[in-house]
Structures are given as structure tokens and as C-alpha cells.
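Proteins are not solid all the way through. Look at the structure below with its empty spaces in mind.

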Amino acid sequence: MKISVQINPPSILCSSIMFAARKTNLAAVARTFARGKKIQNKKQGVNNASTQKVVNQLSALSATKKQPKLLKLCPEDLIKHKTITNAWNVFQRKQRTKEAEILAKQYESIKDAMTELKELSPELFEAALKKERKFFPLEYRVPVDYPPRNPWNYQVKKL
Amino acid sequence: MSRPVARFLSSTSKARGVWSEYAARPSSLQLVDKTARNELFEGFSASGPSSMKSNNKHNYTSPELLDDTFKSAYEILEQDAARQYKFIEQNKDKLSAKQLEKAMVKTEQYNPEVMYNTREFADCLDRSVPVYRKFLKEKWESYGQMITMQRLEQLHVIPDTLPTLAPETEVNVKFGHNDEAEFADWVVPGTRLPAFAVSKPPTIEIQEFEPVENGTGLYTVLVVNPDVPDLSCNGYSTALHYALVNVPLDFVNNTITPLSLVEHPERVLKPYMPLLPEKNVPTQRACLWVFRQGHELKDVGVSESQFDIRAFAEENQLHAVGAHVWRQDYDRSTNSVRAEYGLEKGRVFDQIRNAEPLL
């Protein structure tokens, strides 16, 4: 339950007319209880640049800034938004299952081919299973995304 | 202000999907509010959405391209639902009741109309429809079930009456004879109630959420008080205050009212007698237990003063599925309620001082 203390300007105005002596007090109360508005008083606030910087940094880190923005939609639009999200999830799920099916099929076909090969010629089967340790030759340049500033070194000699 | 009006699902359109057919589907799946339904599918009128307050309405703008995206999203989901319906039709005989229920939920859970109903009209959902039951179950599990279990454990209803409970049904209790708003509503588990507020038998709502395998559809309800002072053993004994047996209940007819029991007196094994704590006795708990029956009970005898609920449940093959608890103290109305039920004046016990620390 939210409890908010709010003094509306008209009511302050009325009471200030009625009790002229309390005018200043009421204004002070209104200032302290006003919600959602930053009131920077020169006396109590920050007038130092370095302190202001720290305040800015801290307010950027504050919990309210980290909260995702609330969707202010009417019920119909909220339902539409949810429906779209649901459809997107369904679509993605379908895509994922499709990919998984393709991978499973590939694996099955590899497996079938290898079992057949095993029956036909065990030597070839062994050869197919043999792992070659391939190294990148030391003389090769490392593959990069962009051409170098100096494209070719003409002075290079093969070791 | 002009809005693009996306017309689809209109009666003139040729291709109507599964979610627009109401021949085989229950009509309660349709959006309750007709204007909201119109606005959901055909866009808002120039004055803005009618569900919003008048001062915000004119400034309101929907997100860009929402209607068009919604249209294609609706088609995707509807096709998915159609596939589900086809699956159910093909495998109707092979599926068990629970599997069928799950499949039925899948067909309708993303229907925007159903979503709107569960969001805005949660109080009047049709309990015969699986998707609404699933929603109600989730709602119950998120709050009501936790409250009930907390109170049952903190007040030691578990294990003072029965060893434990795996809650499957939502149990709500109301004393309908009360005029005061404070006592007329559904009782929050664990509340202390005065004697006048519980002087007449309660209305009990027992909501099942899932179909029961090999279920008889019959229920037993017991109200026991495990805090009756027993001077012979310097302790407490359990008394039976209310016993109903062979009460047929289902998803829709889920309420036991005193009136329904007047019509079927054979269901009352022990007529209602409110807890009437004597003076200076510690707070007493009225523990209401709901059991699913394995078979119809016949010729059951109960001892009222020394009642053993565990033995009773075991003898009659009763499976506890829900519980509720409220508490009572001696108060100003206790004596008058005692007189109403023709009881003698209650005993007065010595006050127990310093039973609890002051702080």
C-alpha cells in the first residue's frame, strides 16, 4: 500500500488565506513533502562542481535507473504485446527444433555410412577414423581481417 | 486523431481459424467484454481505448506497427493451436485424462481473448475449461496455498491432527450467516473468530484443478478441535465438531452450503457444533480437513469426544487433499452461543500466569 502525503496548491492557498500567520510554515511543509520533483536549494544543495560530478555519478548508478522502463499500455495493447512475444517464442522454438532435427539426421547418416564402411572394408574404416594432427606452418602469416599497412615484404628469404 | 483500423476476424472474412469457431469450443473462451473484443481486433475508435480513464485516453497512442504485428502473431499462434486440436482429435483415445488436460491447455493458453479474460475477469472464469483451471491453480499456488500451508505449519495443525499435507485443492471457508463485513467474507486461514461469527455451519468451497485418476468424486469434510482440555491425563484431546461424508463435488459444483445439506441430510455424519472454548482455556484451533474418498462410505461410526482423526482417515481410505484453520477464544458471545446449542455453562479454569514471556 502506498501512503503519499500530498498537499495540493489550492488547499495551501486557501489555508494560507485563512491563517495568514502560518503561511511560511505551510509552504515549507509543501516543499518537504512534494514528490517526484528535485528541489535544489542553493543553501542545502550542491554548488561545488566536483561534488556535483559525484552526485551525478551516484544517481546514474541508483536503483531506479537500473529498473527496466514500465510499459505504459492500455490492457488491449498489453495483450497484443504479450501475444506478439508468445508468437516470437513459438517461432524461435520451431526454428530450434528444426535445426536440432537436421543435426540429428546428419549424425544418423554419418553413423550409417560408417557402419556400412566397417562391413565393406575395415582398413578404410580405420583410415577414416584416424585423426591427423594438422599444424599451421610457421612460415604462414596469421589470417587477419584486414590487409596489412605494408602488404608485401620483398626482402623476405625462405629459411 | 486517425488510427489505422486493422479489420480481421470480422464475420465477413472467409478463412476463420480455430479460435473463431464456437461450435466445438465452449463459449466462455470468448472475451467477456464485447467492446474490448472489438477494440482488440479492430482497433480503437477515434476517442481512444474505452478501457482507459477519460483524462488519459486522448493522449494515448499505441506503439508503432502494433496492430499489423499482432495480426501476424495471431495467425502464427492460431495455426499452432489448430495443429494441437488436430493432435487431440487423432489421439483422443490414447491420451490419459491428465495428458488430455495438458493438451487442451496448450490449445488455448496463448489465445489473446483467454489472456484478456484471465487478466481482467479473473473472478468469473469458467472452471469447466482446462486453461482457466490452470490459470486459477497458478494464482492459488502463488498466494493462497502458501498462506494456508504457512498457517497449518505455524499453528501446528500439522502434525497435531494429521502428519502432513500435500495440498491439491483450494479450500475456502465462509460463515454466511454473518451480516458484519468483517466476518462475512472468506476466512483467512488462522484468523481468530468470535463465537457468534461461527455459530452456524460454514459454507465450504473446495476447488479441484486437475482431473483425478480413478476418482469417485466424493469428498469427506471434518472439523476437529485438538485443544480440548483433558484433565484425566493433564493434557489435551481431540473432539469432532463437524463431519460430512459422501459429498459429490466437481470442478463447477464446488461449494458445500448449509442449504445443500438441508436437502441432503444423509451427507451429515455429525451435525455442526461450533468450538466453544471455556474460560481461561488457551486459544483453540478449528482444523478443517478435506479428504478425497476412495469409495463410498457406509455405516461409519464416530466417537465425538475422543476422536482419532488419523485412525478414521486410515480406516476409511481417506486421502487428505486440503485443509483450513481458524481459531477461537472464550469471548463475550460464547455463553449465549452455548445456550443456543443447549449446553450447560462452561467450566472456568484457573488462569495460567506467565505461560508466555511478557516480551
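How many cavities of 30 Å³ or more does a search of the whole structure find? The search finds one. Keep in mind that this is a predicted model. Rolling a probe the size of a water molecule over the atoms shows where empty space is left.

Start with that cavity. It holds about 50 Å³ of space. Its lining includes Trp140(B), Thr148(B), Met149(B), Leu165(B) and Pro167(B). Thr169(B), Glu170(B), Val171(B), Gly322(B) and Ala323(B) line the cavity as well. Three elements of chain B each give two or more residues to this lining: α7, β1 and β9, the last spanning residues 318-328. By class, six of the lining residues are nonpolar, three are polar and one is charged.

Now turn to the pockets. A pocket is open, whereas a probe inside a cavity cannot get out. The largest pocket has a volume of about 570 Å³. It is lined by 21 residues. Which of them lie nearest its centre? They are Trp140(B), Tyr143(B), Gly144(B), Glu170(B) and Asn172(B). Trp140(B) and Glu170(B) were also named in the lining of the cavity. In chain B, the elements that give two or more residues to this pocket are α6 (130-142), α7 (144-154), β1 (170-174) and β3 (203-207). The lining has eleven nonpolar, five polar and five charged residues.

Where does the largest pocket lie? Domain 1 (18-141) and domain 2 (156-340) of chain B both give residues to its lining, so the pocket lies between them.

The second largest pocket comes next. It contains about 490 Å³ of space. Its lining has 21 residues, and Ala24(B), Arg25(B), Tyr85(B), Ile88(B) and Met104(B) lie nearest the centre. Helices α3, α4 (97-108) and α6 of chain B each give two or more residues. The largest share, six residues, comes from α4(B). Sorted by class, the lining divides into 13 nonpolar, one polar and seven charged residues.

Finally, pick out one residue of helix α3. This helix covers residues 66-90 of chain B, and Ala82(B) is found in it. Is Ala82(B) buried, partly exposed or exposed? Its relative accessible area is 30%, so Ala82(B) is partly exposed; buried would need a value under 20%. Look across to Trp19(B) too. Ala82(B) and Trp19(B) are 63 residues apart along the chain, yet their C-alpha atoms are separated by 8.4 Å.

Definitions and conventions:
Residues numbered from 1 in each chain as written. Chains lettered and ligands numbered in written order. Predicted model: local features only at pLDDT ≥ 70, side-chain atom pairs only at ≥ 80, totals over all residues. Heavy atoms only, no water. Helix = DSSP H or I, 4+ residues; strand = E, 2+ residues; numbered from the N terminus. Buried < 20%, exposed > 50% of the residue type's maximum accessible area, 1.4 Å probe, protein only. 1 Å grid on protein atoms, 1.4 Å probe; cavity = no way out; pocket = protein on both sides within 12 Å on 5 of 7 lines; lining within 4 Å. Points joined across faces, edges and corners; volume = space filled by probe spheres on them. Nonpolar A, V, L, I, M, F, W, Y, C, P; charged D, E, K, R; others polar. Domains from an automatic or database assignment.
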